[in-house]
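Here's a quick briefing to read with the model open in your viewer. Grab a coffee and follow along.

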Amino acid sequence: MRSIKLTNLTKSKHGSRIIDKVNLTIPSGKFFALLGPSGCGKTTLLRLMAGLETADGGKIYLGDRDITDLPINERPINMVFQSYALFPHLDVFDNIAYSLKIKKLPKLVIEQKVFKILESFHLVDHIHKLPSQLSGGQQQRVALARAIVSEPDVLLLDEPLAALDFKLRERMLIELIELQDKLKTTFVYVTHDQFEALTVADQMAIMNHNGDIEQIGTPKEIYEFPISSFVAKFVGTTNIFSGELLHLDTNPTIHIPDLGDFSIDLPQKKSWMKEGNHVAMSIRPEKIFITKKEVKNFSNHMTGFVQSIVYHGRSTQYNILLKNNLRIQVFEQNEEHFPQEVIDYDNEVNLYWQKENVVMLEK
Amino acid sequence: MGRIWKLLIVASTYLFLYVPIIVLLVFSFNTEGFPSPWKGFTWHWYGELLHSTHLWQAFLNSLIVAICATSLSLIIGVLLIFYAAQGGRTGKFLSLFYGNLVIPETVLAVALLSFFTLISIPLGLTTLIVAHTVLGLGFVIPMAYARFLEIDLRLTEASLVLGASPAQTFFKVTLPLLRPALIATALLVFIISFDDFILSYFVAGSTAQTLSLYILSMLRSGVSPVVNALSAVLLVLSSFLVLVFFSLKSRTRIF
Amino acid sequence: MKWFTRSLITISWLILIFSCLYLPKWEFLSNKDSLNVFAWGDILDPAAIAEFEKESGIKVNLNYYSSNEELLVKLKVTKGEGYDLIIPSDYAVLLLKNEGLLKELNYSKLGFLNRINPRLLHHNYDLENKYSIPYEWEIFGLGIDKDYFKDRPLIPSWKMIFDRAFVNYKIAMTNDPAEALPLAAFYLFKQVNPLNASQIQDVKNLLLTQKAWVEAYASFRGDYFLATKNCPVVFASSSYIWRTMKLFPFVDFIVPEEGSFITIENLCIPKASNKEEAVYKLINFLYRPHIIQRHFELFGFFPPTLDAFSTFSLDEKAKRWVYASEEDFSKFHFFRPIVSSQQLRDLWVELKE
Amino acid sequence: MKSKTTSHIPFTLGLPAIIWQIVFFYLPLLFIIVSSILKVSESGMIQGITLKKIFLFLSPVYLGVIGSSLLLALSNATLCLLIGYPIAYFLSFTSSRFKSFFLFLLIVPFWTNFLLHVYAWFFVLEKEGFLNNLLRFLGIIDQPIHFLNSLFAIMVMMVYYYLPFMILPIYSSLERLDRRLIEASLDLGGSWSHTFRRILLPLTLSGVRGGFFLVYIPSFAEFAIPELMGGDKQMFVGSVVSHYILGEQTGSLGAAFTVVSSIALLISVVVLFLLINKIMKRVRA
């Protein structure tokens, strides 16, 4: 009932296609994140759902109902804007009560609903303040409260946390997840920040620069099994090697020029996985074990020189220069205060990984 | 040295602005009529002002015209903005309104007088209201539209998303945000209409005497200290309006 | 379809706006139980009209014009319809009569004829007074500052504003070329007849010379310049100076001995008027002695009847002109066009350019 | 934004302003332009097109009137600029505590009926008025001077009335100016005149230009001030227009003269606009 289905949705602006025949189903009652680089058209997609833009082609369904031509104000869809868009002339109460007053609910009902939500958002003390008198986090919560007080079927969130500092953002993310759990409203969360998307989403979609959807899945699926090098690079960080597929039937291997042959695992057969094809191999930095010693039990190995070290706190990032002049990243968990082995600049290091932790991608 | 010169220039300009007014006010308390020098203090002329029926009739006429012209230009101006806010294609029309302040008022007055005479509309308060409304639109629409464009589009979008119709959005969001600018403009239009002389001179006909025309007739014929007393009253009135204008803190500039 | 609807909306708005604008006119034309009087701005006492309305139960709508020309144009356009009583000046009566816009007066209904000052009757513009009866009149002359002339020679002549040999002070002159030209022509040629080209040049030169000692051209501010002692001599009409004299005792009014100009305002009934009963009632009311007396006191115009003065004391100065002898009166002229209107305007602009 | 239901209500409501503007602004203007070239018979019938009325006003006499009006407007605008700029500068740079007070003092007379100011100046310039008495008291003169009814009185009143029209636009353009630019220029060793020419003037040009034309255009058609302060001894465009328009049956002539003088005004505005730009270029160089 609260699912959204987009079929062949198309939108052009100033003569250029922003969204071209997008098909997407957002499951009912889920926290759905739409992740993509800036300017990829994800906000336009959101605005199309909200009705703030009119589609040039295609259909939008809410449940089974075609809402493509439904005026904005008649859609049971609300939205939280990037800069909150709180009404500067109304105080907190009136901002939140806005949609209820539009619906001409009885005064008592409005007050009840607004107070209930004010309480759960810890805003009761600020009820008569104007938006300009609130902090960023408070404004954010008012915007959220305003959007959900009328119990919409779908809540669209357009980069709602972009203006908050890191700490506050983390806290708000958790609050959002708890809220969605409680309401079971379909949340569609647009962001260009993969951390936010991975944190909140039950399901997520990745959009590329052309406005096409590259992959849909759970955060884990997206992160661990990206289906394209775009997804692999955009979600998290990764190291991409290109090479040639060899020995598919017996011992699947990738030959990377100047670096040698590395064994790989191919759990699913794809049409492009053919002997002699050029493909890409993606390894996440944390999936590589770095050491100066020699270690057994790993299916693959290569060597390189440490070019730079970035200390992140919980992990350390090493930038390694390989023999073919490729530079890759490796993360090491900082498990101990005093690691047994000290890796320094210009050290030659051994890099090990298991073949199961590698993802093969079409080139 | 430069500082002293600066102060001198400023002081003499303000002196230039205020000496006539102060002299005028002082003489409103003179016991004798205008040509005579200071004789003694009296409230007499203020009393006479109170009882001057012709003057108050003219004052009333000016007030009626100013109120009608202000409300009319404000209402139809806001409705045009409403049309623009509902997605009406007003771009080509809005530039029509920038002419009002550019052409000399005398030319507009002459044109209106010829026009009214041609289609034989009786001259009077109505024609005066029509003319002043034209003048008012020249202020209301450019100012209100400029403010309208400054309004964050996301606010109206938020309102629509929250379920308000475009019309509800206009009256609950756009209009309240326009209000300070509108009040300031309304004050400006009111005072311009109330003090207007040129349009009244041409378009009022001979039935409707406004305050300006009454003062002109007094200046042209006999002058009486009642006019001084009137000046004092009007100065207080305009000071009050300027104070209100200032307290609005709207970013509307007079120009 | 959309354009059709929009045109329809546009037309409805236009109709609405214009019907509001024409509303006053409508009311004015459709009212049957009322009289529509078209008069000079400052000529009828609102209190007197109110008194008449109360007494007779007839509503009087006052409409004003500011020049005889406005009256002529409006009457020509409407053929006199919608007006029941008008008050044109002398020469305007002639023009209206020639246009056939005036109704012959029914003298049997006028009860005051014997009281009218005989000097005001039978003038060229309406020799038998078939269409007009005088309502008020005034003389043009010079307002004088008596203090200034206490020890200076004062001669009752137009030379006091035109002759360089006499004038060593500032004067205020009329701002109406239709008055200034006939006056200058009269001063030069002792007559008020159409001018030929060389005469026009003479008049122009006279006015140009005079400009040197003109403080201001102001038709209605002569009294102000007298009172503020800016000008010891001003050209003005009796009604204006009359009011000033009451306030400033050093002001005097003289009529030059060469003769001068007068204007007579007359009551006329437009041909199209059909409310005879009521109009005559109003006219008779306006000629009641106390109304005439109040009119004189209020506006300073001379009254049309002589007996009006029996009820109140008239000061000597006024009396002299009101009871002007036949001979005195023959020296009075009416303003009239002596050059074409275009010449008149061009000359006036040139004078001030 | 777009709603698919075609409603005529917004259009219907928005229309009056547009109708008003076209019918009561552009139509009358068009009408006087057309009527100034129409040949109309005594009875009011249109008989064709004629330039007679226009040519009538191309005579030296009327061109002289237009010329003196242009001169009056130009000298008034220039005087106002010379006085107004320092005042605007002072207002803008004075400490904010007094700023609104000074601004208030500036606007109050501006919002009061201008005829009362004319009247007030009578008191000052009168033969027995304030100025003459003051000068006599100071022993500068012993005979009163006739200030009134002269070009001097006209100019005083014109400058007095139009000064705020000049100050306010310049003031608001100064307010929008980034103060640091001036400080930076002075810090970098720029002289005052250099800073003024290179920074202040170019950046406040829009205000100067706005103020200049706000004064220039209406003072071109001014008629009450020359009549009341100048004794109506000299004709300006406004006086001729009011003379013709309110005079005897010469409405269409008055309209024609209005058209002729408006064209002259328009040309002068364009010329002045270009001239100001040219001067600005030279000042900056």
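What follows is a short tour, chain by chain and topic by topic.

Keep in mind that this is a predicted model. Five pairs of chains touch, and chains B and D share the most contacts of them. Chains A and C, on the other hand, have no contact with each other.

**How the chains meet**

- If you want the pair with the most contacts, look at chains B and D. On that interface, 70 residues of chain B are in contact with 66 residues of chain D.
- On the chain B side, seven helices each put in at least two residues: H1 (2–27), H3 (53–85), H5 (105–118), H6 (125–150), H8 (166–195), H10 (211–220) and H11 (225–247).
- H1(B) gives the most to this side of chain B, at 13 residues.
- Sort the chain B side by class and you get 50 nonpolar, 16 polar and four charged residues.
- As for chains A and C, their closest C-alpha atoms are 21 Å apart, and no contact joins the two.

**Chain D as a whole**

- Chain D is built with 13 helices and two strands.
- Its radius of gyration is 24 Å, while a compact globule of 285 residues would come out near 19 Å.
- Measure along the principal axes, and the C-alpha trace of chain D spans about 75 × 70 × 40 Å.
- Of the 285 residues in chain D, 47% count as buried.
- Take the contacts in chain D with a separation of 6 or more: 67% of them are between residues 24 or more positions apart.

**The sheet in chain A**

- Chain A has an open sheet of four strands, ordered S2-S1-S4-S5, with antiparallel pairing.
- Strands S2 (16–26) and S5 (65–66) of chain A are at the edges with a single partner strand each, so one side of each has no neighbour in the sheet.
- Inside that order, S1 (residues 4–13) and S4 (residues 57–62) of chain A pair in the antiparallel sense over five bridges.
- To find one of the bridges by eye, start at A:Lys5, whose bridge partner in S4(A) is A:Tyr61.

**Chain C: domains**

- The domain assignment splits chain C into domain 1 (1–30), domain 2 (31–128 + 267–315) and domain 3 (138–262 + 333–352).
- Between the C-alpha centres of domain 1 and domain 3 of chain C, the distance is 51 Å.

**Chain C: helix H3**

- Helix H3 (residues 68–78) of chain C has C:Asn68, C:Leu71 and C:Leu75 as its buried residues.
- Looking down the axis of H3(C), those buried residues sit within an arc of 55°, so they line one face of the helix.
- What do the buried residues of H3(C) pack against? They pack against strands S1 (34–40), S2 (59–65) and S3 (85–86), plus helix H4 (90–98), of chain C.
- Just past the end of H3(C), C:Lys79 has a positive phi of about 55°.

**Chain C: Leu110**

- C:Leu110 is in the loop between H4 and strand S4 (133–145) of chain C.
- Is C:Leu110 buried or partly exposed? C:Leu110 is partly exposed because it has 16 other C-beta atoms within 10 Å, and counting as buried takes 20 or more.
- Leaving out residues up to four places away in sequence, C:Leu110 touches C:Ile283 and C:Asn284.
- C:Asn284 is 174 residues from C:Leu110 in sequence, yet the two are 6.4 Å apart in space, C-alpha to C-alpha.

Note on methods:
Residues numbered from 1 in each chain as written. Chains lettered and ligands numbered in written order. Predicted model: local features only at pLDDT ≥ 70, side-chain atom pairs only at ≥ 80, totals over all residues. Contact = placed C-beta atoms within 7 Å. Domains from an automatic or database assignment. Pairing = 2+ DSSP bridges. Rg over C-alpha atoms; globule rule 2.2 N^0.38 Å. Buried ≥ 20, exposed ≤ 12 C-beta atoms within 10 Å, placed from the backbone. Nonpolar A, V, L, I, M, F, W, Y, C, P; charged D, E, K, R; others polar. Arc of directions from axis to C-beta.
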